[in-house]
Structures are given as C-alpha cells and as structure tokens.
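Q: Please take a close look at one part of this chain for me, a loop and what lies around it. I'd like to see how that part fits into the rest of the fold, told as one connected story.

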Amino acid sequence: MDDVKYFSLHDQKEAQLTAAQEQLRQISLQSSQQIDQMNRNFKETLNTVLDQAEQERKQRQKMYEMQVDQMQQNLEAERNRAELMQQTLMAQLVAAEEKFRQYVEKPPERPIYKPEDLQQTIVNARKELGLDVENFYNFAFAGHAKTGKSSLINAIRGLNKNDPEAAAVGVMETTMDISMYTFPDGQYPHVRLYDIPGSGTMSHKAESYFDDKGLCAFDCLIILVQNTPGQEEIAFAQKAIKYQQPVAFVRSRCDQDIDNMLKDGDIDEVTQEIVYNHIKELAEKTAIEIKAKAPELYKIPCYFIAAPALRQVVRGGRNLIYYQETELLEYIVLMSKHSRNIVVDGGVPNGNNED
Ligand SMILES: Nc1nc2c(ncn2[C@@H]2O[C@H](COP(=O)(O)OP(=O)(O)OP(=O)(O)O)[C@@H](O)[C@H]2O)c(=O)[nH]1
Ligand SMILES: [Mg+2]
C-alpha cells in the first residue's frame, strides 16, 4: 500500500516536473522567438539607418565630386588664361628687346642730352683755379686775343706796362696763363683781378675757351670785345648767363679809332664831343647787333674805353679826352661792393643779371 502511495506521488511529481519543463521549454521558445524578432527588428532598423547613411554619403560624395570637377575646370581655365598672358607678355618682351637692340645699335638721332650740374661745375672750376670766393670778389678779364685785357688790368691798377708789377702787354700773343692781380697800396683789398689768356688763338681755342679756362668760377666776367660784340663774345656772355654770372662787355682801344680817324682825315682834331659821338655810334651799333644776334643779352652793359685814359683817371691825373672810364670803374666798384651787401646809392649797375 505504501508503495502504491509512493508511486502515485512520484508520478505526480514527475508529471509536475514534466509540466514545468514543458512550461520552461515554452517560455524559452517564446523568449528565443522574441529575441529573434528583436534581432530581426534591430537588423532591419540598422539596415535602414545604414542605407540612409550610405545614400547620404553617396549624395555628398557626388556633390563633392561635382565641386571638385568645377574647381578643376576653373583651375584649368585659369591656367589657360595665365599661359595666354605669359605668351603675350613674352611676345611683348621679345618685341621690346628687339626694339631696344635696334635703338642702341643705331647712332643717336640727336646728341645725347646729359643735364649738367652747373653748381658742381662751378665748385670744380673754383677748386681747380684755387679761387677764394669767400674772402674776395674775383673779376675775370677774358675775350679774344689782343683786345687789351692785360692793358686794362694794368690801367685799373694805375700801372703802365713798364711797371715791374704790371701784367705783360704786347702785340704778339702775350698772356699764356691765368694770373691774379690785386690793387696796389691796399686799395680794394677784397677785390682780385684775373688776367685770362686771349681766345681764338692756336693755344686757346674759342669754342672751348669758356670751359677750358673755368670762366664759370669767377664772381664777375668782363668780356673784352674786338670792335663790337661778335659771335665769340656773345657765346661767352650766353655761357655766363647760364651760370648766373654778372657780366659786362668792354670795348677797349677806343683811342686808336680816334687816331685812325685823324690819320684818315675824317676829323681835323680830337675833341671830347667827337669822342662822345663816336662812342654813341659804337654803342648804337652794338645794341643793334646784340638785339639781332642774342636779344636776351640786351641788358648787359658795354663800356667803351681807352686804357691810357683809364690809367690817368685812376691816378687822379688830368687827361684831355675821356671815354667811359669812370662808368667802368663805377661798375667794378659797385659790383664788388654789392657782393658784400654794401648798399650803394643808385644800386647795382644795369646788366648784372640779377633781375
Ligand atoms: N692805344 C691803345 N693801345 C692799347 C690799348 N689796350 C691795349 N693796347 C695795345 O694793344 C696790344 C695788346 O694789348 P694787351 O693788353 O697785351 O692785349 P691782351 O688782350 O692782353 O692780349 P693777349 O693776352 O695776348 O690776348 C698792346 O700793344 C697794347 O699796348 C688801348 O686802350 N689803347
Ligand atoms: Mg694779355
């Protein structure tokens, strides 16, 4: 009996166990189905997301590729344009080089213009001549040979040609080098007179005379003229104006004109009136010639003198006949005073180029 009881209990338990196992199996089956379903769902979702991402990536890639294409096209167009420009520039350069080569191979149509540094030329000329422009007013007596430059300097200094301190004077070409003279007895201590060799000779050519002698270096230029100012004297004066130098013409040896008139029987005697008329005539002729040849020089004064008469004036002696010695002396004194800022009645003589 007990055994029967035992077996039925056992069976019961067994049945319960089997049922529980079945239940467990069912639950496990359901769970695994659920998990499978979730897996499938997850995969689906993942695939959808991945698909979308892939599509987006492709779209972006396509867009980037299009942009890169566009940029490449732009770059190519830019490169082509640069190449074209380079070719054009090269062609222009080659043409310019050829033009330049042809230009430099040909002799210049006109002389090459080199602007002259006037101030530097003056400085150099002063250095070369050893000219002291700080402490002295320097007159240069220049002009054609035998116009009486040395005789004029002697006369201004009150000397005659035989005086040991006089400048050499003669009928042959006499002054060969530039010489400096001062006033005797300490008169006008700040004035120096420079005797310049005559131009138009074999040794001193007229064309290069102004530059060769460094005439621009002087404070004032006294140009002695032959009869009336000719091309030579006009060219010197034009140069002087270029260097802004005060300049005056002097026609010396006027006494010889009068002597000749006497010898030729044009006049019977020498009077002051005859001399004045002669000077007037010469002055008018000179003015006409200057007006015709170089009107810009019309303001330059021209003094008509005779060296012997001038020497007499300087020495304070009496002379029977005068030319324009006093006027010339006044010019010299006024110019040198003006340079030292000494105010003088009547100012500076006409023609000192300081308009
Ligand atoms: N009658 C007269 N003779 C003069 C006068 N000036 C100069 N002479 C004479 O003319 C000649 C030449 O004079 P110079 O003073 O040597 O002339 P220059 O211009 O200095 O001559 P170079 O230095 O050689 O260029 C000399 O025989 C002088 O005596 C003048 O005003 N009247
Ligand atoms: Mg001389």
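A: Gln 244 is partly exposed in this predicted model, because 13 other C-beta atoms lie within 10 Å of its own, and partly exposed is the class between the 12 or fewer of an exposed residue and the 20 or more of a buried one. Gln 244 sits in the loop that links α5 (231-242) with β5 (247-251). Its backbone deserves a second glance: phi is positive, about 55°, although Gln 244 is not a glycine. Most residues other than glycine have a negative phi.

A useful companion to Gln 244 is Lys 146. Lys 146 also has a positive phi without being a glycine, with a value near 70°. Its place is the loop between β1 and α3. The surroundings, though, are another matter: Lys 146 counts as buried because 21 other C-beta atoms are found within 10 Å, and 20 or more is what that class asks for. At the exposed end of the scale you can put Ile 288, which has 11 C-beta neighbours inside 10 Å and therefore counts as exposed. Ile 288 belongs to helix α7 (residues 272-293). Its C-alpha atom is 9.2 Å from that of Tyr 298, a residue 10 places away along the chain.

Let's follow the strand next to each of our two loops. The loop of Gln 244 leads to β5, and β5 is part of an open sheet of 6 strands with mixed pairing, in the order β2-β3-β1-β4-β5-β6. The edges of that sheet are β2 (179-181) and β6 (302-304), each of which pairs on one side only. On average, neighbouring strands here are turned by 25° against each other, direction ignored.

The loop of Lys 146 has β1 on one side, and in the strand order β1 stands between β3 and β4. On the β3 side, strand β1 (residues 137-143) pairs in the parallel sense with residues 191-195 over 5 bridges. Two of the positions can be picked out by eye: Ala 140 has Tyr 194 as its bridge partner in β3, and Phe 141 stands opposite Asp 195. Toward β4 (residues 220-224), β1 again runs parallel and is joined by 5 bridges. There, Gly 143 has Leu 224 as its bridge partner.

How well covered is β1? Of its 7 residues, 7 are buried. In a regular strand the side chains alternate between the two faces of the sheet. Both faces of β1 are covered: one carries Tyr 137, Phe 139, Phe 141 and Gly 143, while the other carries Asn 138, Ala 140 and Ala 142.

Across the loop from β1 comes α3, and here too burial runs through the whole element: 8 of 8 residues are buried. They are Lys 149, Ser 150, Ser 151, Leu 152, Ile 153, Asn 154, Ala 155 and Ile 156. After the helix comes Gly 158, with a positive phi near 75°.

That helix brings us to ligand 1. Its shell holds 22 residues, and the closest are Gly 148, Ser 151, Thr 175, Gly 198 and Ala 307. The helices α3 (149-156), α6 (254-263) and α8 (307-315) each provide at least two shell residues. The largest share, 3 residues, is that of α3. By character, the shell splits into 7 nonpolar, 10 polar and 5 charged residues.

Finally, step back to the whole chain. An unreviewed UniProt entry lists residues 135-317 as "domain: IRG-type G". In the model this span is 37% helix and 15% strand, with its end C-alpha atoms 31 Å apart. The unreviewed entry also lists a "coiled-coil region" at residues 10-99. That stretch is 100% helix and 0% strand, and its end C-alpha atoms are 127 Å apart. The chain divides into domain 1 (1-114) and domain 2 (118-339), and the centres of domain 1 and domain 2, taken over C-alpha atoms, are separated by 105 Å.

Notes: Residues are numbered from 1 along each chain as its sequence is written. Chains are lettered from A and ligands numbered from 1 in the order in which they are written. This is a predicted model: local features need pLDDT of at least 70, side-chain atom pairs count only at pLDDT 80 or more; totals for chains, interfaces and linings use all residues. Helices (H or I, at least four residues) and strands (E, at least two) are DSSP runs, numbered from the N terminus. UniProt positions are given in the numbering used here, feature names are shortened, and annotations may be inferred rather than shown by experiment. Domain bounds come from an automatic or database domain assignment. A residue is near a molecule or strand if its C-beta atom, placed from the backbone, lies within 6 Å of it. Ala, Val, Leu, Ile, Met, Phe, Trp, Tyr, Cys and Pro count as nonpolar, Asp, Glu, Lys and Arg as charged, and the others, Gly among them, as polar. Two strands pair if DSSP finds at least two bridges between them. Axes are lines fitted to C-alpha atoms, for helices over the stretch in contact, and angles run from 0 to 180 degrees between N-to-C directions.
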